[in-house]
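Please open the model in your viewer and keep the sequence panel beside it. The tour goes from whole chains to single residues, with a selection to make at each stop.

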Amino acid sequence: MKTENQKAWFFVLPVLVLVAFNALVPLMTVVNYSVQETFGNNQFFWAGLRWFEEILRSERFHAALGRQLLFTVTILIIEVSLGIAIALAMPRKGFWVPVCLVLMALPLLIPWNVVGAMWNIFTLPDIGLLGWTLNNVVGIDYNMTTSPVAAWITVIVMDVWHWTSLVVLLCYAGLVAIPDAYYQAAKIDGASNWAVFRYIQLPKMKTVLTIAVLLRFMDSFNIYTEPFTLTGGGPGNSTTLLSIDLVKIALGQFDLGPAAAMSLIYFAITLAVSWVFYTLMTKDDQ
Amino acid sequence: MRPRSVVPLIYVLFLLLPIYWLLAMSFKTTNEILGGFSLFPQEWTLDNYRAIFSDPTWYWGYINSIIYVSLNTVISLAAALPAAYAFSRYRFMGDKHLFFWLLTNRMAPAAVFALPFFQLYSAVGLFDTHLAVALAHCLFNIPLAVWILEGFMSGVPKELDETAYVDGYSFPRFFATIFIPTIKAGVGVAAFFCFMFSWVELLLAKTLTAVEAKPIAATMTRTASSAGYELGLLAAAGVLTIIPGAIVIYFVRNYIAKGFALGRV
């Protein structure tokens, strides 16, 4: 059992200082902006909670939030189910296992804007492998720059390509930790494949799956670089996710007040959902 | 081969297709790219790579990225090791809240913090230095490193610590010569994750640098917009950004299966 020791705070101090420097100062700046109005020239006026009311009522925010939720829920469903399926199908030993794992980890280590650029080159209708094949071999009229549906599907497929491996690797780590004796016992009992999955594999994967869902939720909800490099938020506003819209307001229009208020609302939503996941996760630890 | 092994195989092929296309593009001449679709490069050329290695603005981009990523990995691990030890061994006032607060910093959208970060690092005079990017990336890497290391450390029985004290080890000596070697897999995995998230992040790295410490990924976006449509060059630069990651994966290949569970299996 852990012992009570307040001196442990000294061990945590360096982390505390570094993270607080990076987190609290910018956060306070954002809070500061969110309650003021500026017309440039470094002049600020008290605006109270006006920006928060404005953002919460604005249709633009609702639309961006809607697109963001649709995106996050879609990729979570696809990546988690696909990730579990692939992890279950992976052999436990053999020469090819480490090769597969290394290849699977590769997309995770590509800079995010390169991921966007790569998918852009891959899907160009005239000279991209995927775009050309879809247009000339499959015979689908595919052009991401004109069709919102094509843009949406491409953004989602790109994210599945980019991040499913994280779920696979986490689940696989959970699966290899199950002792062979469990499977042998299940076999003696005549358990079906479903029963093995439901009562042996799934409970063992529960912790790692929660980590996967938590990481994927946080990162997909904050996603900016990849879809921005791929579609620029278009065509029209169709793939303008929350942070793309936020950057448009903050740096494009330089509306610091509304952008700051929006940031805080955005942060609060992420925080609330992640807290639910986190409590579920730590509840199991005890 | 069992029939269901086909599933991972198809998945790996799907992962490799866009990477293959990037690789193929990087060996094509501009004429060939603009001339139309071709599955393999017709005339192999190394011009795109030659252009990168002969232009300092290009290759310094790589050096800059590698400098701040390494710096960040070292800082994150150095700070996270004692903190993770504290979380795994002791109860103290506010520990649970502190742990969650650390995690919340991974949730903060970088887009939200870009402008305040620029102002903060300009104010302390670190703008456009490698240290600025390395420190800024601590925001999301330290929490992750603490989380991973705490998982690995909790797996080490407390008796190890007690035996060492009985044998007369001082805490620093025990920590450096016994404890860290025991969890070296965890340290490797934490370093891998720090490297990974610092290497792939662009928004903050771009915001905090101008010339001196400009990362390779930012050089790419600027070239793409200023020099028009140099797809071959862009592809070659992209291929080169994949290589450091591939090298790092090779080093941690034996820990990937266990390590990705962050020590929590």
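A residue counts as buried here if 20 or more other C-beta atoms lie within 10 Å of its own, as exposed if 12 or fewer do, and as partly exposed in between. With that in mind, and remembering that this is a predicted model, begin by selecting chain A, where buried residues make up 43% of the 286 residues.

**Chain A as a whole**

Turn chain A until its outline is clear: its C-alpha atoms fill a box of roughly 75 × 70 × 30 Å along the principal axes, and the chain holds twelve helices and three strands. Among the contacts in chain A with a separation of 6 or more, 71% join residues 24 or more positions apart.

If your viewer can colour by pLDDT, do so now, since the mean for chain A is 84 and 96% of its residues reach 70 or more. Confidence in chain A is highest in helix 3 (residues 59-89), at a mean of 91, and lowest in strand 3 (residues 44-46), at 73.

**Annotated spans in chain A**

Next, select the residues that an unreviewed UniProt entry lists under "transmembrane region" in chain A, namely 9-31, 69-88, 95-122, 149-178 and 259-280. Two of these spans are worth viewing side by side. Residues 95-122 of chain A are 75% helix and 0% strand, with their end C-alpha atoms 31 Å apart, while residues 149-178 of chain A are 93% helix and 0% strand, with end C-alpha atoms 42 Å apart.

Then pick out A:V208, which sits in helix 9 (residues 193-221) of chain A. Is A:V208 buried or exposed? Because A:V208 has 24 C-beta neighbours inside 10 Å, it counts as buried. Draw a distance from A:V208 to A:L256, and the two C-alpha atoms prove to be 39 Å apart in space, with these positions 48 residues apart in sequence numbering.

**Chain B as a whole**

Now hide chain A and show chain B, whose secondary structure comes to 14 helices and one strand. The C-alpha trace of chain B spans about 75 × 60 × 30 Å along its principal axes, and 47% of its 265 residues are buried. Of the contacts in chain B with a separation of 6 or more, 79% are between residues 24 or more positions apart.

For chain B, too, an unreviewed UniProt entry lists residues under "transmembrane region", here 7-27, 66-87, 99-118, 130-153, 174-200 and 231-252. Among them, residues 174-200 of chain B are 96% helix and 0% strand, with end C-alpha atoms 35 Å apart, and residues 231-252 of chain B are 95% helix and 0% strand, with end C-alpha atoms 32 Å apart.

**Two stops along chain B**

Zoom in on B:D128, in the loop between helix 6 (110-123) and helix 7 of chain B. The phi of B:D128 is near 65°, a positive value in a residue other than glycine. Most residues other than glycine have a negative phi. B:D128 has 15 other C-beta atoms within 10 Å, and is therefore partly exposed.

From there, move to helix 8 (residues 159-166) of chain B, which lies largely in the open because, of its eight residues, the number buried is zero. Following helix 8 of chain B comes B:G168, whose phi is also positive, near 90°.

**Where the chains meet**

Show both chains again and select the contact between them, which takes 75 residues from chain A and 82 residues from chain B. On the chain A side, helix 1 (residues 8-34) gives the most, with 14 residues, and the residues of that side divide into 58 nonpolar, 14 polar and three charged.

The strands also cross between chains: strand 1 (residues 3-4) of chain A pairs in the parallel sense with strand 1 (residues 90-91) of chain B, over two bridges. Within this pairing, A:E4 stands opposite B:R91.

**The core**

Finally, which residues have the most contacts inside the largest nonpolar core? They are B:A80 and B:V146, in a core of 161 residues, to which helix 7 (residues 130-154) of chain B gives the most, with 17 residues. Select B:A80 and its surroundings: leaving aside residues up to four places away in sequence, B:A80 touches B:I142, B:A145, B:V146, B:L149 and B:A190, together with A:V15 from the other chain.

Note on methods. Residues numbered from 1 in each chain as written. Chains lettered and ligands numbered in written order. Predicted model: local features only at pLDDT ≥ 70, side-chain atom pairs only at ≥ 80, totals over all residues. Helix = DSSP H or I, 4+ residues; strand = E, 2+ residues; numbered from the N terminus. Contact = placed C-beta atoms within 7 Å. Nonpolar A, V, L, I, M, F, W, Y, C, P; charged D, E, K, R; others polar. Pairing = 2+ DSSP bridges. Core = buried A, V, L, I, M, F, W, Y, C linked by C-beta atoms within 7 Å. UniProt positions renumbered as here; feature names shortened; annotations may be inferred. pLDDT = per-residue confidence, 0-100.
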